[in-house]
Amino acid sequence: MTHHPIVAVYGSARIGTDDPRFTAARALGSALAQAGLTVATGGYQGVMAAISRGAHDAGGEVIGYTVSSWDGLPANQWVTREVDSVDLFERLRLFSKADLMIALDGGIGTLTEVAVSWNLLQVGSSAQPLLMVGDEWVELVDFVARRLVVAKEDLALVRTLPSGTGPHTIVAEARALIGRRLGLGGPWESGHPALRSAG
């Protein structure tokens, strides 16, 4: 059976619907779904809801990785399949099984997800590419390169794009990274066979 690759998107729950970053995330969710990709988020509000809404409205599948221990918070209304975790660590394991991870605007939670994803890549426990979109992530990678104990190979594990990058450019980069991960010799296109690795 052929499945669409899963793109896990990280982002803050605190960004409101009137924030331009919400609008940008919704456009990205739509573009990902239109490209034939399944979207997974933490399933809650803010960036997660924006991505979910954009993908849902474009006819895509939306997975929500929720956490049952978080006072019964409900998934946002655009999630089409909820996968509940007992805690943050199980949730992170689910995210790490996606075919691509994308970090958008976020706070401490998003930073945690980025750090764990990057570390899993570093130690070889994950082969899923990590794409970080936003000037804050560009600056983070620069800080890591200058101030932490890392090798060039560690820095090469992640890809960054600046703030203001349009959804179609992000999707093109996503397709290229997924194609490389799946060994297709080029960008992943809707219709390529791909095994779903999460869910």
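**View 1. Tryptophan 70, partly exposed, and its ring partner.** With a relative accessibility of 32%, tryptophan 70 counts as partly exposed in this predicted model. Its partner, tyrosine 44, comes in at just 6% and counts as buried. A search of the whole structure turns up three aromatic pairs. Tyrosine 44 and tryptophan 70 make a tilted one, with 6.1 Å from centre to centre and 35° between the planes. The two residues sit 26 apart and link distant parts of the chain: tyrosine 44 is in the loop between β2 (38–41) and α2 (47–57), and tryptophan 70 is in the loop between β3 (62–67) and β4 (81–85).

**View 2. An edge-to-face pair of tyrosine 65 and phenylalanine 95.** Here the ring centres are 5.2 Å apart and the planes meet at 85°. Tyrosine 65 belongs to strand β3 and phenylalanine 95 to helix α3 (residues 88–95), so the pair ties together parts that are 30 residues apart in sequence. How accessible is tyrosine 65, buried or exposed? Tyrosine 65 counts as buried, at 0% relative accessibility, and phenylalanine 95 counts as buried too, at 1%. Pull back a little and Tyr10 joins in: ring pairs link Tyr10, Tyr65 and Phe95 into a cluster.

**View 3. The chain around these rings.** Seven helices and seven strands make up the fold's secondary structure. The radius of gyration is 16 Å, close to the 16 Å that the globule rule gives for 199 residues, so the chain is as compact as a globular protein of that length. Of those 199 residues, 47% count as buried. Among contacts between residues at least 6 apart in sequence, 67% join residues at least 24 apart.

Terms used
Residues numbered from 1 in each chain as written. Predicted model: local features only at pLDDT ≥ 70, side-chain atom pairs only at ≥ 80, totals over all residues. Heavy atoms only, no water. Helix = DSSP H or I, 4+ residues; strand = E, 2+ residues; numbered from the N terminus. Rg over C-alpha atoms; globule rule 2.2 N^0.38 Å. Buried < 20%, exposed > 50% of the residue type's maximum accessible area, 1.4 Å probe, protein only. Contact = heavy atoms within 4.5 Å. Phe/Tyr/Trp six-rings, centres within 6.5 Å; stacked < 30°, edge-to-face > 60°.
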